[in-house]
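Dear colleague,

I am passing a structure on to you with this email, and I would be grateful if you could look through it before reading my notes. What I found follows below it.

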Amino acid sequence: MSRERKPTLAVWKFASCDGCQLSLLDCEDELLAIAGEIEIANFAEASRAVVQGPYDLSLVEGSITTPHDAKRIQQIRRASRYLVTIGACATAGGIQALRNFQHVEEFISIVYATPQYITTLSTSTPISAHVPVDFELRGCPINKHQLIEVISAYLNRRKPAISPQSVCMECKLRGTVCVMVAQGIPCLGPVTHAGCGAICPTYNRGCYGCYGPKETPNTRSLSKQWKQLAVSEQDLLRTYRTFNAYAEAFRKESEAHES
Amino acid sequence: MSTKTIKVDYLARVEGEGAFSVKIRDNRVAEARLTIFEPPRFFEAFLRGRNYSEAPDITARICGICPVAYQMSAVHAMEQAFGVRVEGQLRALRRLLYCGEWIESHALHVYMLHAPDFLGYPDVMHMAQDHPEMVKRGLHMKKAGNALMAFLGGREIHPVNVRVGGFYRVPTRRAFEPLLEQLKWGREAAVETVRWVAQFSFPDFAPDYEFVALRHPEEYPLNEGRLVSNRGLDIPVDTYEEHFVEEHVSYSNALHSRLKERGAYFVGPLARYNLNFDRLSPLAQEAARAAGLGPACRNPFQSIIVRSVEILYAFDEAVRLIEQYEQPERPFVEMQPAAGIGCASTEAPRGILYHRYTLDDEGTIREARIIPPTSQNQKTIEDDLRQYVERHLDLDEERLTWQCEQVIRNYDPCISCATHFLKLQIERT
């Protein structure tokens with residue numbers, strides 16, 4: 001590529017399991033090619049060499065759960081030309097956002113975290129609650145092929161081709177028979193964002209929503225369907241409250257099943 | 001009085017967020033600290049009220065590098081609580097999935113996180129410029145481990161196919177065929193890897209550790225066994241908490257674990273190797289011997305050789321398990337939830353991972369306790385830092401700092417795991 005200089009990439013970690021940034025190191029066939037096109041300037045999990053910012057592309061993993069991190073994300077935003085959040089923690093607060101439901105008054109009022117603290121905030125919030133985000137890549141964990149697509153789209157100055165459809169579409173494309181219709185297995189596929197490739201139904205289990213809500217999901221209708229499969233209110237509540245519990249559509253639907 | 005401090009504020013090439021500092025006063029180490037500032041995520045708190053069947057998927061999210069370890073400790077603990085044993089080919093498939101995780105996690109550490117230290121590079125990308133064939137081999141081995149996890153688990157990070165009682169779907173025998181070739185290649189590549197890393201130069205450093213690992217009557221330990229040590233510990237896993245305690249230190253977001261009677265101990269590949277050399281396959285034993293290792297090895301820098309021997313073992317064992325595989329009739333054992341307590345310890349790539357759950361009669365989790373390997377190694381890591389620095393005070397600061405980082409990386413610490421069980425007070429207003 002005939003650029004004057006290679007663009008720089010930084011990878012940042014907040015509260016998370018490390019799995020989404022591991023996806024970059026899991027690109028076994030592509031990693032060296034990626035490193036040839038973009039300078040990996042700040043990626044602590046992989047390198048002790050740090051190039052000073054600003055950075056052209058920042059990948060952010062994890063949610064904001066401490067006052068220190070709430071400040072750190074502001075600095076990172078200022079040091080980043082293009083900021084992409086990777087995974088359910090960074091895009092929806094992650095499983096650790098279950099703490100947000102411990103007091104009813106909190107999940108109504110919190111959009112931007114401004115709580116009091118000693119060592120940790122009372123909430124886990126997505127990056128977009130703190131700074132503008134240029135692109136959000138979903139998943140717990142993200143799909144590494146989608147990560148490559150995001151980096152490649154950035155390098156070629158185009159929009160990432162990431163489908164906002166539901167997991168149902170991926171089952172159809174893959175030729176997987178619907179587990180809910182054919183076997184009566186409760187499945188979140190109709191309301192869940194595509195991206196994983198419909199793994200769970202292919203493995204004979206229902207989708208459990210780890211990619212979070214799709215665009216305009218009809219969760220109410222799906223919950224009705226689940227009840228016909230004898231799923232209890234308590235199990236519906238637990239189902240919507242997992243890895244994307246604080247994503248708006250799942251959060252609201254879960255509240256409908258609180259006793 | 002002269003005082004200086006060797007420190008790194010953000011450790012690189014470890015999983016998660018940590019730092020260390022060593023304070024030197026009048027040519028003595030006054031203090032050595034491994035600080036974990038990774039924010040806590042409170043898994044033990046929000047597991048309360050969840051159904052037992054959710055534990056494998058929820059606890060997997062503690063760590064993206066070793067999710068299978070969490071899934072395995074969780075399913076074994078639940079099955080123990082319900083008095084069910086999963087045997088035969090379902091047990092073999094669990095072992096096979098775990099082999100995939102060991103390969104993936106160890107290959108990541110050996111090639112991408114640890115080897116650059118020995119060869120003087122800041123990272124694997126720089127190392128690849130001078131050693132492209134080595135790095136490609138490492139990446140292909142890692143890929144083979146990931147392929148095994150993706151095949152059996154659905155995906156390599158947070159696999160979806162594990163459930164209490166077994167799996168959602170089990171593969172046919174024929175479906176393994178393409179994978180088998182890849183694993184046989186990996187086994188050869190692992191032999192080469194052991195040979196390669198054995199040529200590195202290692203500092204002369206071999207403290208007298210207490211190693212703790214599982215020990216099984218026949219197998220190199222993965223999923224089960226008794227907890228043993230080289231100083232006479234030999235206990236069933238369900239008495240773990242009678243022998244080990246956790247302490248809160250002010251500077252770390254992870255609790256420190258110690259043996260009640262004797263203090264610091266060491267878990268992970270080096271501990272497994274020292275306590276279970278006789279359970280390795282003949283091929284793995286032979287490769288270790290050819291690399292100059294005996295049945296005992298106390299130099300933590302040489303853990304890169306031991307980790308490579310374990311990669312070889314995992315490939316060898318995976319091939320064996322696939323060759324003897326017959327598809328089980330049912331993918332899982334049915335079970336009825338019952339009130340009770342269940343616990344289990346399995347060998348995560350980084351060492352023993354303990355889970356304990358208290359369940360009510362509907363199978364709802366009332367209490368959960370999780371003790372990951374890195375928190376168990378923290379005290380030993382600090383002891384190593386102290387001893388190592390004291391012996392190498394003559395080194396210039398930059399070199400000593402790098403070597404201290406290496407002392408920590410010897411343990412392949414997973415800081416993301418280590419913090420998730422600290423119970424902090426959250427203040428609200």
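How many helices and strands does chain A have? Chain A has 12 helices and five strands, where helices (H or I, at least four residues) and strands (E, at least two) are DSSP runs numbered from the N terminus. Please keep in mind that this is a predicted model, in which local features need pLDDT of at least 70 and side-chain atom pairs count only at pLDDT 80 or more, while totals for chains, interfaces and linings use all residues. Residues are numbered from 1 along each chain as its sequence is written, and chains are lettered from A and ligands numbered from 1 in the order in which they are written.

Chain A

The radius of gyration of chain A, taken over C-alpha atoms, is 19 Å, close to the 18 Å that the globule rule gives for 259 residues, so chain A is as compact as a globular protein of that length; the rule itself is 2.2 Å times the number of residues to the power 0.38. Its C-alpha trace spans about 60 × 50 × 25 Å along the principal axes. Of the 259 residues in chain A, 52% are buried, a word used here for a residue with 20 or more other C-beta atoms within 10 Å of its own, against 12 or fewer for exposed and in between for partly exposed, with C-beta atoms placed from the backbone.

Where contacts in chain A join residues at least 6 apart in sequence, 70% of them link residues at least 24 apart; two residues are in contact if their C-beta atoms, placed from the backbone, lie within 7 Å. The mean pLDDT of chain A (the predictor's confidence in each residue, from 0 to 100) is 91, and 92% of its residues reach 70 or more. One stretch calls for caution: over residues 104-118 of chain A the pLDDT stays under 50, and the model has 27 contacts beyond four places in sequence for that stretch.

Chain B

Chain B has 14 helices and 13 strands. With a radius of gyration of 21 Å, close to the 22 Å that the globule rule gives for 429 residues, chain B is likewise as compact as a globular protein of that length. The C-alpha trace of chain B spans about 70 × 55 × 45 Å along its principal axes, and 56% of the 429 residues count as buried.

Beginning at the N-terminal strands, strand S1 (residues 3-8) and strand S2 (residues 18-25) of chain B pair in the antiparallel sense over six bridges, pairing being counted if DSSP finds at least two bridges between two strands. Within that pair, Ile6(B) has Val22(B) in S2(B) as its bridge partner. S2(B) also pairs antiparallel with S3(B), over eight bridges, and these two strands form a hairpin with two residues between them, where Asp26(B) in the turn has a positive phi of about 45 degrees. After strand S3 (28-36), the loop that leads to helix H1 (43-46) of chain B holds Arg41(B), which is buried, with 30 other C-beta atoms within 10 Å.

A separate description fits strands S6, S7 and S8 of chain B, which form an open antiparallel sheet in the order S6-S7-S8. Its edge strands are S6 (212-215) and S8 (234-235) of chain B, each pairing on one side only. Four bridges join S6(B) to strand S7 (residues 226-229) of chain B, and Ala213(B) has Val228(B) in S7(B) as its bridge partner.

Another open sheet of three strands, also with antiparallel pairing, has the order S11-S12-S13 in chain B. Strand S11 (340-348) and strand S13 (365-371) of chain B stand at its edges with a single partner strand each, so one side of each is left without a neighbour in the sheet. Strand S12 (residues 351-359) of chain B is joined to S13(B) by six bridges, and the bridge partner of Tyr354(B) in S13(B) is Ile371(B).

Where the chains meet

The contact takes 45 residues from chain A and 49 residues from chain B. On the side of chain B that touches chain A, the largest share, five residues, comes from H6(B). By class, that side has 22 nonpolar residues (Ala, Val, Leu, Ile, Met, Phe, Trp, Tyr, Cys and Pro), 16 charged residues (Asp, Glu, Lys and Arg) and 11 polar residues (the others, Gly among them).

With best regards
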